[in-house]
Amino acid sequence: ILSAASIYSLPRTTEEESSINEEELIEERDPEDEAATIEDEHELDFKVTSQIVQEFLKENLPEAHKLLQRAESEDPIEIYFEALNRAKEVYVEYRIILDENPKRAELFIKEEKARIEILRIEMAYLDAEEPEREELEKKLKLAIGKLVDAEIEGGQLELKELKEELQALTE
């Protein structure tokens, strides 16, 4: 599972530091043309547009949606498109998990929410002064605890499913 930090937050660069030129982005700028066909080992094949990703984020990961909107308005365009493409990967992973196991998909969202909360706290920590940093460290520990709890819950679900599978094979 991808980290929210790696998906929704990218280092800020200036246009001079950018290694992507404008021509490489032209086809991505047109919302009508930015659909990409995604295929994977589960034979999932569908069009994923930025509108689909934005709606998915708005509904399931509202904090990630805010971060992506911020990237769109404040960062160079190539940073926004990189973040959008990473968000598309999260959406596709969610869809694959949802098709296989809706309960696991719920846990995936829970884990992603915890990762985004961690990211938000990390971002605030970087801008904070010392007295506020102590409070943010406490919040960070709680957020990490939520992520660990969600991952443990996922492991327990997987273990339960494997036990059921094994029992079915032995009957």
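A residue is called buried when its relative accessible area is under 20%, exposed when that value is over 50%, and partly exposed in between. In this predicted model, Glu111 has a relative accessible area of 2%, so Glu111 is buried. The residue sits in helix α6, which spans residues 102-127. Its carboxylate is a handy place to begin a look at charge pairing, since the side chain of Glu111 makes a polar contact with the side chain of Arg104 at 3.3 Å.

Side chains of opposite charge can pair when their charged atoms come close. Across the whole structure, a search finds 13 salt bridges. Three of these pairs are described here, beginning with helix α4.

Helix α4 covers residues 62-74 and holds both Glu63 and Lys66. The side chains of Glu63 and Lys66 meet in a salt bridge, with an N to O distance of 3.3 Å. The two residues are three positions apart, about one turn of the helix. Glu63 has a relative accessibility of 32%, and because this value lies between the two cut-offs, Glu63 counts as partly exposed.

A second salt bridge in helix α4 involves Arg70 and Glu74. Here the closest N and O atoms are 3.4 Å apart. Because Arg70 and Glu74 are four residues apart in the helix, about one helical turn separates them. The partners fall into separate accessibility classes: Arg70, at 31% relative accessibility, counts as partly exposed, whereas Glu74, with a relative accessible area of 53%, is exposed.

The next pair returns to helix α6. The side chains of Arg115 and Glu151 meet in a salt bridge at 3.0 Å, N to O. This pair links distant parts of the chain, with Arg115 in helix α6 and Glu151 in helix α7 (residues 130-170), 36 residues apart. Arg115 has a relative accessibility of 12% and therefore counts as buried. Its partner Glu151 is partly exposed, with a relative accessible area of 36%.

How do Arg104, Glu111, Glu112, Arg115 and Glu151 come to be joined into one network? The link is made by salt bridges that share partners. The network thus brings the account back to Glu111, which is buried at 2% relative accessible area, and to Arg104, whose side chain makes the polar contact with the side chain of Glu111. It also takes in the bridge between Arg115 and Glu151, and with that bridge the link from helix α6 to helix α7.

Notes. Residues numbered from 1 in each chain as written. Predicted model: local features only at pLDDT ≥ 70, side-chain atom pairs only at ≥ 80, totals over all residues. Heavy atoms only, no water. Buried < 20%, exposed > 50% of the residue type's maximum accessible area, 1.4 Å probe, protein only. Polar contact = N/O pair within 3.5 Å; in protein donor to acceptor, adjacent residues only side chain to side chain. Salt bridge = Lys/Arg side-chain N within 4 Å of Asp/Glu carboxyl O.
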